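Trainee: I am new to this structure and would like a careful look at its charged pairs, followed by the helix that one of them leads to. Please take it slowly and explain each term as it comes up.

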Amino acid sequence: MLNIITALYIEAKEIIKHFSLKPDSSLFRNGYINLAVTGSGKINSAVSTAVVLQKDRYPSINFGIAGSNCYEINRGFFIYKIKDLCSQKEYYPDFFSEPSSEIICVDKTGDYYNLVDMESSGFFEAAYKFLNVEEIMLYKIVSDTPLKKPDEKEIPSLIKSHLTTIEKILDTLPKKEDFFKDIYTALSEAEKKMKLTKSQKEKLKQILTFYKIKEKNFPDFPVLKNKKEVQEFITSLIF
């Protein structure tokens, strides 16, 4: 599982679409991603990150846009150092690969640095309360420079061009087992050998689920066409 934290919905839009995330309370989810849109600013980022991690303590990435006075638009960077301009505190994420950069976190827009945003220090401080440092990631995509102001219409395409970064991170994480995968495989085999009614199929699914919980081998399915014989076989599986 991976938690993705974005500041703005416009940053999240292409992620939601690409990974088929569905609204669930205040998050967007599928079976392996939770995504939260926090609102701009380090306080919003910190509070929302803490709320997510209080329940779902999975590796987390702050994914979004940043300004730059030296990098070109659409360059993407993992962050190895965060400096909060207001507090002068520095933070050092331990999950990053090349290309990587430091970032300056500010309270208001206007000044430009190598990379600059308004959320990174808040995200890191909150995440570090729940996670090991190597589970905390930041990835920033340059969206604006002193010569080119941010254009909201361009942000979704910028995010879209870096979605492979999320896919690569997902590939490094332990995969969540699909508990019901072999149960549905067994049900499919049973349907090929027996004529199951809707209620019989549901009952057989419940029995197979119980078998798996008890770590008991699934039964062999005989070839049965008679409804009564099928019912007798299903009943015999109950223990």
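**Salt bridges and helix 2**

Mentor: Glutamate 102 is partly exposed, with a relative accessible area of 25%, where buried means under 20% relative accessible area, exposed means over 50% and partly exposed lies in between (1.4 Å probe, protein chains only). Please keep in mind that this is a predicted model, in which local features need pLDDT of at least 70 and side-chain atom pairs count only at pLDDT 80 or more, while totals for chains, interfaces and linings use all residues. Residues are numbered from 1 along each chain as its sequence is written, and side-chain values use heavy atoms, with hydrogens and water left out.

Glutamate 102 forms a salt bridge with lysine 81, their closest N and O atoms being 3.9 Å apart; the term stands for a side-chain nitrogen of Lys or Arg within 4 Å of a carboxyl oxygen of Asp or Glu. This pair links distant parts of the chain, 21 residues apart, with glutamate 102 in strand 8 (residues 100-105) and lysine 81 in strand 6 (residues 76-84). Helices (H or I, at least four residues) and strands (E, at least two) are DSSP runs, numbered from the N terminus. Lysine 81 counts as buried at 17% relative accessibility, and its side chain also meets that of glutamate 90 in a salt bridge (3.6 Å, N to O). Glutamate 90 is partly exposed, at 36%.

The structure holds eleven salt bridges, and one of them joins the side chains of arginine 29 and aspartate 56 (3.4 Å, N to O). Arginine 29 lies in strand 3 (residues 27-29) and aspartate 56 in the loop between helix 2 (42-55) and strand 5 (60-67), so the pair ties together parts that are 27 residues apart in sequence. Arginine 29 is buried, with a relative accessible area of 18%, and aspartate 56 is buried at 10%. Asp24, Arg29 and Asp56 are linked in a network of salt bridges.

That loop brings us to helix 2, whose buried residues are Ser45, Ser48, Thr49, Val52 and Leu53. They cover an arc of only 130° around the axis, which puts them on the same side of helix 2; the arc is that of the directions from the helix axis to the C-beta atoms. These buried residues pack against strand 1 (2-6), strand 3, strand 4 (33-37), strand 5 and helix 3 (120-127), contact meaning heavy atoms within 4.5 Å. On the face turned away from the buried side, helix 2 carries the exposed residues Ile43, Val51, Gln54 and Lys55.
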